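Visitor: I would like a close look at a single part of this structure, namely the surroundings of the ligand. Please take me through that part slowly, and then on to the sheets.

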Amino acid sequence: MKQIEEVVAHQRAFFLNGNTLDYAVRKEQLQKLKEMLKTNERGIYHALKKDLNKSRHETLTTELGFLYTELDFAIKNLSGWMEPTKVRSPITHKGSKSFILKEPYGVSLIMSPWNYPLQLALAPAIGAIAAGNCVVLKPSEHTEATSALLADMIQDTFNPSYITVLEGGKETSEELLKQRFDYIFFTGSTEVGKVIMKEASTHLTPVTLELGGKSPAIVDKDANINLAAKRIVWGKFTNAGQTCVAPDYVYVHEKVKFKLLKAMKKQIKSFYGKEPLKNDDYIRIINEKHFNRLVQFLSEGTPLHGGDTDPAALKIEPTILDKITWNHSIMQEEIFGPILPILSFTNVEDAAAVIRAKEKPLALYYFSEDGKMQEQIMQYLSFGGGSINDTIYHLSNPHLPFGGVGASGMGSYHGKYSFDTFSHDKSILKQSTKFDIPFRYPGNKFAESVTKRIMK
Ligand code: NAD
């Protein structure tokens, strides 16, 4: 598509002319982005209500609020982040100074999914702008209202040679991936992540892949059960389970299983009422395809809570499924919906060994009051990031990098990590011309003997 080629060419020219580099420019663009969100808040609430039935509260906390925090953090810290980092030089480099320059990659491509369609499109863009890059943004085709609003807002706020939104589905993505970008930041499924990495290799474009997986919530026998229940229910059913770091399943010690289930049922009622399907603010499933995929899981195990659906509104009650085994189909893929399977164990070390043998999840949550065991579990299991005695909350701390490992992704962002992700670390040695230590040059016998002695 000619249009896509032209967009990338204009952005490359804009970048190579040095338009994105100055601190003042970058800061101003971040401020403009914040202003853009403030001015369009009403439209944003409306678009997210239309796309996912998101309430104002959820839009404020999980989309806008998150972006405001990230923007304020970047605006406040940008000048420090841009400073060259001085590093030490060894004795063999006497007279020289060494430092690292943060260099923008150039033209970046950001591809985002539908589940937090505003946050996941713009949070990486904050890092790209802060680091001095141009941005082509490809939001998800499944959240049409938010994608269209994003395109309008960005067009009204920024020069398209600097930041632009290209809407479209798979074909647009494929066409975009043929272009030479200097960085690709992708958020989405593991399956598509593999396609992105393969295509990026054509131009040796570096990638960040923010993917998904089955994130466990392990509840041990000594956990604070009421708090565990509350935090798991919140993490699972926020956005109707369509959250990359939502607890995918609960793995609970037999001894406390009954108590946990009872507490979770109570929590669901307290958050969503006795009839969640009639709750105006309860989130819907993104489309019929995903709704039908999720409904099939409802016939597995024994429903302990929920299980009702409203096909016309694409809503599924917060559901707890008991008597689930690792062989059920619900345990073979990321659920990404409001259905919570329960598995149990009698020994947490055995449970950890089972999880360790599986693909590395994006998140892991461990509920226990035993400090030693907390440390052991955190070290023994590999996962993107997680929490002890909480769910999801780790991702809103801008001091923590957020990202996956193995099948759940590579690279990370949030806070300064977003700036670092979109910057190349350029190493510089500034040599003295006042003297010239002869050791490294050939034909110096004394230097040779000293070098041999040092290297022994
Ligand atoms: P997806 O992979 O289907 O789509 C993501 C993006 O890729 C969209 O912009 C889409 O248009 C594009 N795309 C789809 N198929 C493509 C193809 N064949 N070639 C090129 N581009 C293609 O993901 P989704 O369904 O929108 O989102 C759900 C997934 O995203 C879940 O697996 C979830 O765990 C994951 N996710 C991860 C994070 C994270 O931060 N790690 C955040 C949210 C969602």
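**Around the ligand**

Guide: Helix 7 supplies the largest share of the shell around the ligand, with three residues. Please keep in mind throughout that this is a predicted model. Among the elements, helix 7, which spans 170-178, and strand 6, which spans 183-187, are the ones that give two or more residues to that shell. Seen by domain, the shell draws at least three residues from domain 1 (2-211 + 406-428) and at least three from domain 2 (216-396).

Altogether 25 residues lie around the ligand, and those that come nearest are Lys138, Glu141, Ser189, Leu211 and Glu334. Sorted by class, the shell is made up of 13 nonpolar, seven polar and five charged residues.

Three serines can be followed at the level of single atoms. Ser189 places a polar side-chain atom 2.7 Å from an oxygen atom of the ligand, and Ser189 is also one of the residues that come nearest to the ligand. Ser112 takes part through its backbone, where an N or O atom lies 3.0 Å from a ligand oxygen atom. For Ser173 the partner is a nitrogen atom of the ligand, which lies 3.4 Å from a polar side-chain atom of this residue. As for cover, the ligand on its own has 850 Å² of accessible area, and the protein covers 91% of it.

Turning from the ligand to the sheets, one of them is an open sheet of three strands in the order 1-2-18, with antiparallel pairing. Strand 1 (85-87) and strand 18 (423-430) each have a single partner strand and stand at the edges, so one side of each is left without a neighbour in the sheet. Direction ignored, neighbouring strands of this sheet are turned against each other by 30° on average. Strand 1 and strand 2, the latter made of residues 97-104, run antiparallel and are joined by three bridges; within this pairing, Val87 stands opposite Ser98 of strand 2.

Another open sheet has seven strands, arranged in the order 10-13-14-9-8-15-16, and here the pairing is mixed. Its edge strands are strand 10 (302-305) and strand 16 (385-388), each of which pairs on one side only. From one strand to the next, the twist in this sheet averages 25°. At the edge formed by strand 10, the pairing with strand 13 (residues 319-322) is antiparallel and extends over three bridges, and Pro303 has Leu321 in strand 13 as its bridge partner.

Notes
Residues numbered from 1 in each chain as written. Predicted model: local features only at pLDDT ≥ 70, side-chain atom pairs only at ≥ 80, totals over all residues. Heavy atoms only, no water. Near = heavy atom within 4 Å. Polar contact = N/O pair within 3.5 Å; in protein donor to acceptor, adjacent residues only side chain to side chain. Areas by Shrake-Rupley, 256 points an atom, 1.4 Å probe, with all protein chains shown as cover. Helix = DSSP H or I, 4+ residues; strand = E, 2+ residues; numbered from the N terminus. Nonpolar A, V, L, I, M, F, W, Y, C, P; charged D, E, K, R; others polar. Domains from an automatic or database assignment. Pairing = 2+ DSSP bridges. Axes fitted to C-alpha atoms, helices over the stretch in contact; angles between N-to-C directions.
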